[in-house]
Amino acid sequence: MTTKIGILTVSDRASRGQYDDLSGPAIEDTLKAYLTSDWQPVYRLVEDEQPLIEQALCELADNEQCSLIITTGGTGPAKRDVTPEATEAVCDKMMPGFGELMRQESLKYVPTAILSRQTAGLRNKSLIINLPGKPKAIRQCLDAVFPAVPYCIDLLEGPFITCDESVIKVFRPKS
Ligand SMILES: Nc1ncnc2c1ncn2[C@@H]1O[C@H](COP(=O)(O)OP(=O)(O)OP(=O)(O)O)[C@@H](O)[C@H]1O
Ligand SMILES: Nc1nc2c(c(=O)[nH]1)N[C@H]1C(S)=C(S)[C@@H](COP(=O)(O)O)O[C@H]1N2
């Protein structure tokens with residue numbers, strides 16, 4: 001069974017073509033390095049507008065049936081940073097441990113890690129995880145939380161994800 005994974009870049013400038021989106025491709029590259037089971041990326045790029053972010057998340061979860069949706073950008077304190085609000089608005093349950101761990105890990109790299117309000121949550125059978133916008137933050141954050149992602153998707157009755165143990169060590173308490 002192929003796992004669909006949504007990659008949603010939230011950036012005013014990238015969506016206007018003022019710079020190339022490097023963070024969406026960095027998510028795809030990281031997942032390529034991690035996953036050994038079949039998967040397929042579903043990519044979206046939107047401006048920092050809450051209704052557009054919510055619409056993209058709902059499409060990826062409800063229509064595309066993505067088991068995992070990873071967003072990048074719009075998690076900071078600036079007025080237009082509303083990705084966490086959009087995430088919370090579309091989720092049935094929040095998973096606050098993801099944001100807590102990613103901020104803690106990111107502090108090893110940048111003192112401004114605490115400025116990210118990144119969170120995670122569940123919409124039906126989709127796990128949504130927010131990452132900061134900076135391309136470098138992608139691997140730093142995913143390395144911290146990904147070990148728990150396959151088991152979370154098991155608990156949501158999603159596809160069985162396997163990873164390259166030499167790249168990322170996933171943990172399944174029941175296996
Ligand atoms: N998707 C991205 N691709 C490449 N670089 C990015 C991306 N998102 C952020 N950056 C880089 O990180 C810096 C700081 O991120 P910031 O949060 O200001 O970006 P942003 O929210 O995407 O910007 P905006 O939405 O205002 O265009 C940006 O100036 C840019 O250099
Ligand atoms: N790992 C990591 N986390 C990070 C950063 C980073 O460079 N690396 N940048 C921080 C900064 S400077 C900001 S403002 C916030 C929010 O970024 P965003 O608005 O692009 O999502 O993420 C923080 N978290």
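Trainee: Which residues in helix 4 do Q50, I53, E54, L57 and C58 in helix 3 meet?

Mentor: This is a predicted model, where local features need pLDDT of at least 70, side-chain atom pairs count only at pLDDT 80 or more, and totals for chains, interfaces and linings use all residues. Residues count from 1 along each chain as its sequence is written, chains are lettered from A and ligands numbered from 1 in the order written. Helices are DSSP runs of H or I, at least four residues, numbered from the N terminus, and a contact means C-beta atoms, placed from the backbone, within 7 Å. On that basis, the helix 3 residues meet T83, E85, A86, T87, A89 and V90.

Trainee: How do the residues of that contact divide into nonpolar, polar and charged?

Mentor: Ala, Val, Leu, Ile, Met, Phe, Trp, Tyr, Cys and Pro count as nonpolar, Asp, Glu, Lys and Arg as charged, and the others, Gly among them, as polar. For helix 3 with helix 4, that gives six nonpolar, three polar and two charged.

Trainee: Are helix 3 and helix 4 parallel or oblique to each other?

Mentor: Helix 3 spans residues 50-63 and helix 4 residues 83-90, and their axes sit 9 Å apart at an angle of about 50°. Under 35 degrees would be roughly parallel, over 145 roughly antiparallel and 65 to 115 roughly perpendicular, with the rest oblique. So helix 3 and helix 4 are oblique.

Trainee: Is P84 buried or exposed?

Mentor: P84 is part of helix 4, and 22 other C-beta atoms lie within 10 Å of it. With 20 or more a residue is buried, with 12 or fewer exposed, and in between partly exposed. P84 is therefore buried.

Trainee: Which residues does P84 contact, leaving aside its neighbours within four places in sequence?

Mentor: The chain brings distant parts of the sequence into play here: L131, 47 residues along from P84, has its C-alpha atom 9.8 Å from that of P84. The contacts themselves are T75, R117, Q118, T119 and N130.

Trainee: Which helix gives the most to the shell around ligand 2?

Mentor: The shell holds 19 residues, the closest being T75, G76, S106, S116 and G133; a shell residue has its C-beta atom within 6 Å of the ligand. Seven are nonpolar, nine polar and three charged. Four of the shell residues come from the top contributor, helix 6.

Trainee: And which helix has the largest share around ligand 1?

Mentor: Ligand 1 has 17 residues around it, with S11, D12, R13, S23 and G133 nearest. They split into four nonpolar, eight polar and five charged. Three come from residues 12-16, which form helix 1.

Key. Helix = DSSP H or I, 4+ residues; strand = E, 2+ residues; numbered from the N terminus. Axes fitted to C-alpha atoms, helices over the stretch in contact; angles between N-to-C directions. Contact = placed C-beta atoms within 7 Å.
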